[in-house]
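Please look over the structure below with attention to its interior packing, its cysteines, its aromatic rings and its backbone geometry. The paragraphs after it take these topics in turn.

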Amino acid sequence: MAYIVFDMEWNQPMCAAQPMKGKNGIKLSGEIMQIGAIKLDENCEIIGNFSLCVKPHFYKRLNKRVRELTGITKEDLAAADIFPAVFAQFDAFCGENPTLITWGFDDVPILRQNLISWGLGTEICENSYNLQTIFNTQTDGGKSQRSLAFALEHFGIVPTLEAHDALHDAYHTALVAQKLDLANGIAAYGGGSSGTLWEHPLSTDSFYPYQNKRAAFADKSLVSIPCPRCREKLETSKWVTKGGNFYVALAKCDTHGEFIGRIKFSHVSNTALSAVRNVFKGSSYAIEHYNEVFEKSERRKERFKEKMKEQRKAKRENRDSE
């Protein structure tokens, strides 16, 4: 068993509201263009490294912002292998039963998305952990998403390599991992806390445009949760608001178990909404969380009904007294 501390850089569509579709119809919010990784043994000693660029297939035009941030050029990508070949090498580097470690919760969903887009298996994603959460738990117990730079400074580690290179970021993340009790952090990971419920979405899909939320919830492709494993449309519970622009619902696949979905709405203009639907692994905590949100939503509705009832009563009394 090895810890694989990895980081990725990915290209993005020119318009975030119009992602391309890979194989199996999955919408690709980011196409991986670089994978960097550090292999740690059970004592967190560095025993290997990996770094390769990926030739673009879906988004062949390099997003200007991504190019400026990473320094990766179209020439770098043109000389690289396509994703299946690069992933095969990464998979071999990881070895059997790897434990994936990331800083943040974006990399694993993007990796899963790219694998599905190429029709590849996603088994490697199943055993993954966000080092941010372990860092917070073993330091000050904070709930916010700390930057890697924050963690490096906390431990007095001076970064020696430039950021936004996948291997460099993986290396600095590995240095932070060496300062933590990684084995115990993984053993205690989650613990039924809300902080980890939303950390590793199994699927992410974007929908656009809608005139309003009523129109969005009339769209069956948005509100019917697909199984992240087999992509079958599942019987989905009522979507209930968490407050603001977030909504949650439960679904269950007879083959792959329970899931919880979350929709986030955003205004893309004065007259249009976009929606991002993430699907996460279900758990006893997820079901408990949904039930709490559902009960709060029902109580809000009851309070609203009572308020409207009182207002109508007051209006009748005012009319009668005139």
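What follows is a walk through a predicted model, beginning with the interior.

In soluble globular proteins, nonpolar side chains tend to be buried together. Here the largest nonpolar core has 27 residues, and those with the most contacts inside it are Ile 4, Phe 6, Phe 83, Phe 90, Leu 111 and Ile 124. At least two residues of this core come from each of β1 (3–11), β4 (31–40), α3 (83–94) and α4 (107–117), and the largest share, six residues, is supplied by α3. Leaving aside residues up to four places away in sequence, Ile 4 touches ten positions' worth of surroundings that include Ala 37, Ile 38 and Lys 39, then Phe 90, Phe 93 and Cys 94, and also Pro 98, Thr 99, Leu 100 and Ile 101. Ile 101 itself belongs to a second, separate core of 25 residues, which also includes Ile 157, Ala 170 and Ala 174.

The aromatic residues add a further layer to this picture. A search of the whole structure finds 14 aromatic pairs, and one aromatic cluster is formed by Phe 6, Phe 50, Phe 83, Phe 87, Phe 90 and Phe 93. Over the ring of Phe 93 sits the charged end of Lys 39, 4.9 Å from the ring centre; both Lys 39 and Phe 93 are also among the residues that Ile 4 touches.

How many disulfides does the structure hold? It holds zero, and the distances between sulfur atoms can be followed for two of the cysteines. For Cys 53, the nearest cysteine sulfur is that of Cys 94, 17 Å away, and because its relative accessibility is 21%, Cys 53 counts as partly exposed. For Cys 125, the nearest cysteine sulfur is again that of Cys 94, at 10 Å, whereas its relative accessibility of 2% means that Cys 125 counts as buried.

The backbone, finally, has several positions to inspect. The peptide bond from Tyr 208 to Pro 209 is cis, with omega near -10°, and Pro 209 lies in strand β8 (residues 203–210). Asn 97, although not a glycine, has a positive phi of about 50°; this residue lies in the loop between α3 and β6 (99–102) and, at 62% relative accessibility, counts as exposed. His 164, another residue other than glycine, has a positive phi near 65° and lies in the loop between α6 (148–154) and α7 (166–178), where its relative accessible area of 34% makes His 164 partly exposed.

Conventions:
Residues numbered from 1 in each chain as written. Predicted model: local features only at pLDDT ≥ 70, side-chain atom pairs only at ≥ 80, totals over all residues. Heavy atoms only, no water. Core = buried A, V, L, I, M, F, W, Y, C linked by side-chain atoms within 4.5 Å. Buried < 20%, exposed > 50% of the residue type's maximum accessible area, 1.4 Å probe, protein only. Helix = DSSP H or I, 4+ residues; strand = E, 2+ residues; numbered from the N terminus. Contact = heavy atoms within 4.5 Å. Disulfide = S-S within 2.5 Å. Phe/Tyr/Trp six-rings, centres within 6.5 Å; stacked < 30°, edge-to-face > 60°. Lys NZ or Arg CZ within 6 Å of the ring centre and 35° of its normal.
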